[in-house]
Amino acid sequence: QVQLVESGGGLVQPGGSLRLSCVVSGSSFSISKMAWYRQAPGKARELVASIENGGNTDYADSVKGRFTISVDNGKLSYLQMNNLNVEDTAVYYCNGWIRETGDPRVLIYWGKGTQVTVSS
């Protein structure tokens, strides 16, 4: 059973940085795409950044130039967040499009989220 677990959230001052991590665990799998979403209070969940197996990345306009998504060793996804502002305050969720060995389907998995609060 594939699971995604995020870490790295916390309280940071405006202009500060955080790095979120997402560990993908399971017996045997391959990742097609990883992404980070966020949901602020009273707002819909939105895509922050994504990275495909070939390395292509995509970012929300609001985070371009400040956030960087990466994948390491096929089991870890990172979201480096720089120059944070109060509008970045949200719960951040890791998302993975993953195929378990022996199963032809690519399924979408979600972590439980990690809180990021930007405040002075």
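Which residues does Arg38 touch, not counting residues up to four places away in sequence? Keep that one in mind while you get your bearings; we'll come back to it at the last stop. One thing to know before you start clicking: what you have open is a predicted model.

**Stop 1: the disulfide**

Select Cys22 and Cys94 and show their side chains. A disulfide joins the two, with 2.0 Å from S to S. The structure holds 1 disulfide, so there is no other to hunt for. In general terms, such a link is a covalent bond between the sulfur atoms of two cysteines.

Now color the strands that carry this pair. Cys22 sits in strand E3, residues 18–25, while Cys94 belongs to strand E9, residues 90–100. The two cysteines are 72 residues apart, and their link connects distant parts of the chain. Turn on the surface and ask: are Cys22 and Cys94 buried or exposed? Both of them are buried. If your viewer shows dihedrals, check the one about the S-S bond: it is -85°, which makes the link left-handed.

**Stop 2: the four-stranded sheet**

Stay with E3 and bring in its partners. E3 is part of an open sheet of 4 strands, in the order E1-E3-E8-E7, with antiparallel pairing. The edges are E1 and strand E7 (67–72), each of which pairs on one side only. Look along the sheet and you can follow its twist, which averages 15° from one strand to the next. As a reminder, strands of a sheet pair through backbone hydrogen bonds, either parallel or antiparallel.

Select strand E8, residues 76–81, and look at E3 beside it: the two run antiparallel and are joined by 6 bridges. For a landmark here, pick Leu20, which stands opposite Leu79 in E8.

Next, swing over to E7. Between E7 and E8 there are also 6 bridges, and again the strands run antiparallel. Phe67 is a handy marker for this pairing, since you'll find Met81 of E8 opposite. E7 and E8 form a hairpin with 3 residues between them. Click on Asn73 in that turn: its phi is positive, at about 60°.

**Stop 3: Gly8**

Go to the loop between strand E1 (3–7) and strand E2 (10–12), and select Gly8 there. How much of Gly8 can you see from outside? Gly8 is partly exposed, with a relative accessible area of 34%. Leaving aside neighbours within four places in sequence, Gly8 is in contact with Leu18, Arg19, Leu20 and Thr114. You have met one of these already: Leu20 is the residue opposite Leu79.

For a sense of scale, draw a distance from Gly8 to Ala60, C-alpha to C-alpha. The line should come out at 20 Å, for two residues that are 52 residues apart in sequence.

**Stop 4: salt bridges**

Side chains of opposite charge can pair when their charged atoms come close. How many salt bridges does a search of the whole structure find? It finds 5.

Begin with Asp103 and Arg105, whose side chains meet in a salt bridge at 2.8 Å, N to O. Asp103 counts as buried, at 17% relative accessibility.

Then select Arg38, Glu46, Arg66 and Asp88 together: they are linked in a network of salt bridges. Zoom in on Arg38 and Glu46, where the closest N and O atoms are 2.7 Å apart. Glu46 is partly exposed, at 35% relative accessibility. Turn to Asp88, which forms a salt bridge with Arg38, the closest N and O atoms being 2.9 Å apart. Asp88 lies in the loop between E8 and E9 and Arg38 in strand E4 (residues 29–39), so this pair ties together parts that are 50 residues apart in sequence. Asp88 is buried, at 1% relative accessibility.

**Last stop: around Arg38**

Keep Arg38 selected and hide the rest. At 6% relative accessibility, Arg38 counts as buried. The side chain of Arg38 also makes a polar contact with the side chain of Tyr92, at 2.9 Å.

Now for the opening question. Show the surroundings of Arg38 and, not counting residues up to four places away in sequence, you'll find that Arg38 touches Ala44, Arg45, Glu46, Val48, Ser62, Val63, Phe67, Glu87, Asp88, Ala90, Val91 and Tyr92. Some are familiar from the tour: Glu46 and Asp88 belong to the salt-bridge network, and Phe67 is the residue opposite Met81.

Methods:
Residues numbered from 1 in each chain as written. Predicted model: local features only at pLDDT ≥ 70, side-chain atom pairs only at ≥ 80, totals over all residues. Heavy atoms only, no water. Disulfide = S-S within 2.5 Å. Buried < 20%, exposed > 50% of the residue type's maximum accessible area, 1.4 Å probe, protein only. Contact = heavy atoms within 4.5 Å. Pairing = 2+ DSSP bridges. Axes fitted to C-alpha atoms, helices over the stretch in contact; angles between N-to-C directions. Salt bridge = Lys/Arg side-chain N within 4 Å of Asp/Glu carboxyl O. Polar contact = N/O pair within 3.5 Å; in protein donor to acceptor, adjacent residues only side chain to side chain.
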